[in-house]
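Here's a quick tour of one pocket and a handful of charged pairs. Have a look at the model first, then we'll go through them.

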Amino acid sequence: MMDLLRLSLSSMFSHRLRSVLSMLGIAIGIGSVILLTSIGEGTRQYILAEFSQFGTRLIAIHPGKAQTLGVPGVLGGSTHKLTLEDALALERIPGVVQQVPVALGTARVEAGGLGRSVMVYGATPAIPEVWRFQVRQGSFWPTGDPRRGAPVTVLGPRLKRELFDDTNALGRFVRIGGTRFRVVGIMEPKGQFLGFDIDDSAYIPVATAMKLFNLEELSEIDLLYANADEAELVKERVRQVLMERHGGTEDFTVLTQEAMLSVFGNIMNIITLSVAAIAAISLLVGAIGILTMMWIAVGERTPEIGLVRAIGASRRQVRLLFLAESAGLATLGGLVGLAGGLGICAVLRDAVPGLPVHTPTVFVVIAVAVSLITGLVSGVLPAQRAARLDPIDALRAE
């Protein structure tokens, strides 16, 4: 075996330029696959982490039927609005732990001569339980009838810092959309969600938000359910309750986190198939290059093959020799491409800190294995040709 490896390596290094050109296609294919799949896997983990920070047992209800019109609530897609009464009815469904009716709007928040336009969430004190948003200082307003508003607010940590700096903001007053609110709490830092700064926002009672923004319906209703295995069952119960309340019309969209992640998974699968197609083309080009080089090498080394056969080498040994050479070329090309892909990934992590790049170990193992298999497949025909040469005819070729 050692003699076989030594002969294969000596043959590859004796024709350096030809060997490098043969490995180039494999290196480009493997390098591109490692780079693109690393970005894809990093993006997948990033999206999973973004959604998981809100919990894993959430159901979101939006006005309008997305499957019918594409975007919920557009062009009159909802004949019945989502209301606070709908939210209260959904809370009574078996399996539902808590609900948060949401009314969204953008308003200018002002205090002490400073002000900034931020996202304002109209919600209920169930936010910490449903969304996993914790209060760092103070607390949310007391739990009660969500149809009753109050001029109180909880500020995101960045908004608090911009308006009050390091001073205590609890009990102070701010103006949101021109209306005076008392600060009762400061949220813990949460960071960004898909590019949106959650920390730069304010939270007020949902009924107050609907009045402030002149809204007649909720933007969405978020439900927290008890058992992770009952997502589809709770979803169906939600659909039935809302259809009864909306006159038998399914003019709303119910989404579970599993469904949202499934859609994302389908997108990632399409991207993976595209990457695989690109890699297949590059590997095919590399395989043809190795096959061509090995085929030429058989013709150039015909006398050598005849001599090896004449001193006792079997057809099997000749076949293994050429298979080892083609496999060695492809594997070296794969290792070069792997190193290049990992190197570019490392550069991207440093140059673009926000870009999610992750290379699982299994990807590295698969890349090397694919390189080896490509080399073996490419070397089959040349190896067969070399093994079938007649020793006497091969020696005469010299």
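Is Arg 147 buried, partly exposed or exposed? With a relative accessible area of 45%, Arg 147 is partly exposed. Bear in mind that we're looking at a predicted model.

**Charged pairs**

Arg 147 has company: its side chain meets that of Asp 145 in a salt bridge, 3.0 Å from N to O. Things don't stop at that pair, as salt bridges with shared partners tie Glu 85, Asp 145 and Arg 147 into one network. Asp 145 is partly exposed too, and its relative accessible area is 31%.

In total, the structure holds 9 salt bridges. Here are some of them, with the distance between the closest N and O atoms.

| Acidic residue | Basic residue | N to O distance |
|---|---|---|
| Asp 86 | Arg 245 | 2.5 Å |
| Asp 145 | Arg 147 | 3.0 Å |
| Glu 110 | Arg 108 | 3.2 Å |

The pair of Asp 86 and Arg 245 deserves a second look. Their closest N and O atoms are 2.5 Å apart, yet the two residues sit 159 residues apart in the chain. Asp 86 belongs to helix 4 (residues 84–91) and Arg 245 to helix 8 (residues 231–245), so this salt bridge links distant parts of the chain.

How do the two ends compare in accessibility? Asp 86 counts as buried because its relative accessible area is 2%, which falls under 20%. Arg 245, at 38% relative accessibility, is partly exposed.

Glu 110 and Arg 108 make another salt bridge, with 3.2 Å between the closest N and O atoms. Glu 110 is partly exposed at 34% relative accessibility, and Arg 108 is partly exposed at 41%.

As for the chemistry behind such contacts, side chains of opposite charge can pair when their charged atoms come close.

**The second largest pocket**

Now for some open space. The second largest pocket holds about 450 Å³, and 22 residues line it. If you want to find its centre, go to Val 33, Thr 37, Thr 272, Val 275 and Phe 363, the lining residues that lie nearest to it.

Which helices each supply at least two residues of this lining? They are helix 2 (16–52), helix 9 (257–300) and helix 12 (361–378). Helix 9 gives the most, with 10 residues.

What is the lining made of? It divides into 15 nonpolar, 5 polar and 2 charged residues.

Note on methods
Residues numbered from 1 in each chain as written. Predicted model: local features only at pLDDT ≥ 70, side-chain atom pairs only at ≥ 80, totals over all residues. Heavy atoms only, no water. 1 Å grid on protein atoms, 1.4 Å probe; cavity = no way out; pocket = protein on both sides within 12 Å on 5 of 7 lines; lining within 4 Å. Points joined across faces, edges and corners; volume = space filled by probe spheres on them. Helix = DSSP H or I, 4+ residues; strand = E, 2+ residues; numbered from the N terminus. Nonpolar A, V, L, I, M, F, W, Y, C, P; charged D, E, K, R; others polar. Salt bridge = Lys/Arg side-chain N within 4 Å of Asp/Glu carboxyl O. Buried < 20%, exposed > 50% of the residue type's maximum accessible area, 1.4 Å probe, protein only.
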